[in-house]
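Reader: I am a first-year student, and I would like to look closely at one part of this structure instead of trying to take in everything at once. Please take me slowly through the part that a database record marks out, and then show me a little of what else is there.

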Amino acid sequence: MKTTATFKTMKKNNEKIAMVTAYDAPSAKLVEEAGVDVILVGDSLGMVVLGYDSTIPVTLDDMILHTKAVKRGAKNTFIITDMPFLTYHSTIEETMSNARLLMQVAGAHAVKLEGNGAVIDKIEQLTKAGVPVVAHLGLTPQSVGVMGGYRVQGKDAEGAKQLIEDSKRVEDAGASMLVLECVPAELAKLIQGQLSIPIIGIGAGVHTDGQVLVYHDLVGYGNGHVPKFVKQYTNISGTIIEAVGLYVKEVKEAQFPEEKHIFSMKNEELNRLYG
Ligand code: KIV
Ligand code: NA
């Protein structure tokens, strides 16, 4: 199985890292079979699986449940699990305890947390305790309430400077990897060149060490709004609607089930039944 060391080597060798999210056993099994390098059990599950309109309502229990399912589906792939809203901001004890549950109970190989200044000490202490930490900067969806919406980050020189600084700080604190979300491609390229840890981009251009996409966005499964940075490689929703629509029609017209789908009784048993 690939590890944090593999990902660092991949960066050194200019070999791109392909990350995708998964939330349950079948999606995990399929993305593993497709050859992804690493799976992210993202708290985006709140939006794409649980139907919330942000990631704020997602709980640690949700992350544990879904990580366990992913783990059963993809036994040979490195799994990163998001620490959800406000599970790594109060005491270090609570942060440690939550990370312990995600790794020891759920089976994650690493945890991911959003932010900069406020969580630097958490990144450092988790890493020192043996927890591989993936940092997430740029657009950080758990802060949607403070940011007032989902926008590209680091577009002006001050914002960009801050992001470069924050990136260095998370690396210095011990982060194993950095996810950059919705930042100008020029800025992501700069950060990629200055840091030795792998930079995984989403809406951050092609000059990062790898990419991550949300599974449901990538396969076109059930999503309404599709952000600019998403490439939909297929439209599984259309396939599902067509198949289920056909099923409904065949039920209504008594064309399903067919002969090959049914069970029968022997004639002598039927005769006995009718007496
Ligand atoms: O929750 C998630 O899916 C993420 C990725 C978009 C990076 O954090
Ligand atoms: Na996330």
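Author: What follows begins with a brief overview, turns to the marked positions, and ends with other places in the chain.

Before the close look, please keep in mind that this is a predicted model. The protein has 275 residues, of which buried residues make up 41%, and it contains 12 helices and eight strands. Along its principal axes, the C-alpha trace spans about 85 × 40 × 35 Å. If you take the contacts between residues at least 6 apart in sequence, 57% of them join residues at least 24 apart.

Now to the marked part. Under the heading "binding site", an unreviewed UniProt entry lists Asp43, Asp82 and Glu114. These residues span 72 residues in sequence, yet no two of their C-alpha atoms are more than 10.9 Å apart, so they gather at one spot. UniProt also gives, again as "binding site" in an unreviewed entry, the set Asp43, Ser44, Asp82 and Lys112. That set is spread over 70 residues of sequence and still clusters in space, with a largest C-alpha distance of 12.4 Å.

Asp82, which is named in the first list and again in the second, is a good place to start. Asp82 lies in strand 3, made of residues 78-82. Asp82 counts as buried because it has 30 C-beta neighbours inside 10 Å, and the cut-off for that word is 20 or more. If we leave aside the residues within four places in sequence, Asp82 is in contact with Val41, Gly42, Asp43, Met63 and Lys112. Two of these partners are themselves marked in the record, since Asp43 and Lys112 stand beside Asp82 in the second list.

Glu114, from the first list, sits in strand 4, which covers residues 110-114. Glu114 is buried too, because 24 other C-beta atoms lie within 10 Å. Its contacts, not counting neighbours within four places in sequence, are His136, Thr140, Gln142 and Ser143.

Ser44, from the second list, belongs to a loop, the one between strand 2 (38-41) and helix 3 (45-48). Although it is in a loop, Ser44 counts as buried, with 21 C-beta neighbours inside 10 Å. Beyond the residues within four places in sequence, Ser44 is in contact with Thr21, Thr55 and Val214.

Further along the chain, two helices deserve the same patience. Two packed helices are described by the angle between their axes and the distance between the axes. For helix 8 (residues 157-172) and helix 9 (residues 185-194), the angle is about 30° and the axes are 10 Å apart. That makes helix 8 roughly parallel to helix 9, and the crossing between the two is right-handed. On the side of helix 8, the residues that meet helix 9 are Ala160, Leu163, Ile164 and Ser167, while helix 9 contributes Leu187, Leu190, Ile191 and Gln194. Taken together, the residues of this contact divide into six nonpolar, two polar and no charged.

Just before helix 9 you will find Cys182, in the loop that runs from strand 6 (177-181) to helix 9. Most residues other than glycine have a negative phi, and most peptide bonds are trans. Cys182, however, has a positive phi of about 50° although it is not a glycine. Cys182 counts as buried, since it has 22 C-beta neighbours inside 10 Å. Asn14 also has a positive phi, near 60°, without being a glycine. Asn14 is found in the loop between helix 1 (4-12) and strand 1 (17-21), and it counts as exposed, with 7 C-beta neighbours inside 10 Å.

The peptide bond itself departs from the usual form between Phe256 and Pro257, which are joined by a cis bond with omega about 0°. Pro257 lies in the loop between helix 11 (236-252) and helix 12 (267-274).

One more buried residue is worth finding, namely Gly201, which is in strand 7 (residues 199-202) and has 27 C-beta neighbours inside 10 Å. Gly201 touches Leu180, Ala188, Thr208 and Gln211, if residues up to four places away in sequence are not counted. As a contrast with the gathered positions above, Gly201 and Ala25 are 176 residues apart along the chain, and their C-alpha atoms are separated by 25 Å.

Key
Residues numbered from 1 in each chain as written. Chains lettered and ligands numbered in written order. Predicted model: local features only at pLDDT ≥ 70, side-chain atom pairs only at ≥ 80, totals over all residues. UniProt positions renumbered as here; feature names shortened; annotations may be inferred. Helix = DSSP H or I, 4+ residues; strand = E, 2+ residues; numbered from the N terminus. Buried ≥ 20, exposed ≤ 12 C-beta atoms within 10 Å, placed from the backbone. Contact = placed C-beta atoms within 7 Å. Axes fitted to C-alpha atoms, helices over the stretch in contact; angles between N-to-C directions. Parallel < 35°, antiparallel > 145°, perpendicular 65-115°, else oblique. Left-handed = near helix turned anticlockwise from the far one by under 90°. Nonpolar A, V, L, I, M, F, W, Y, C, P; charged D, E, K, R; others polar.
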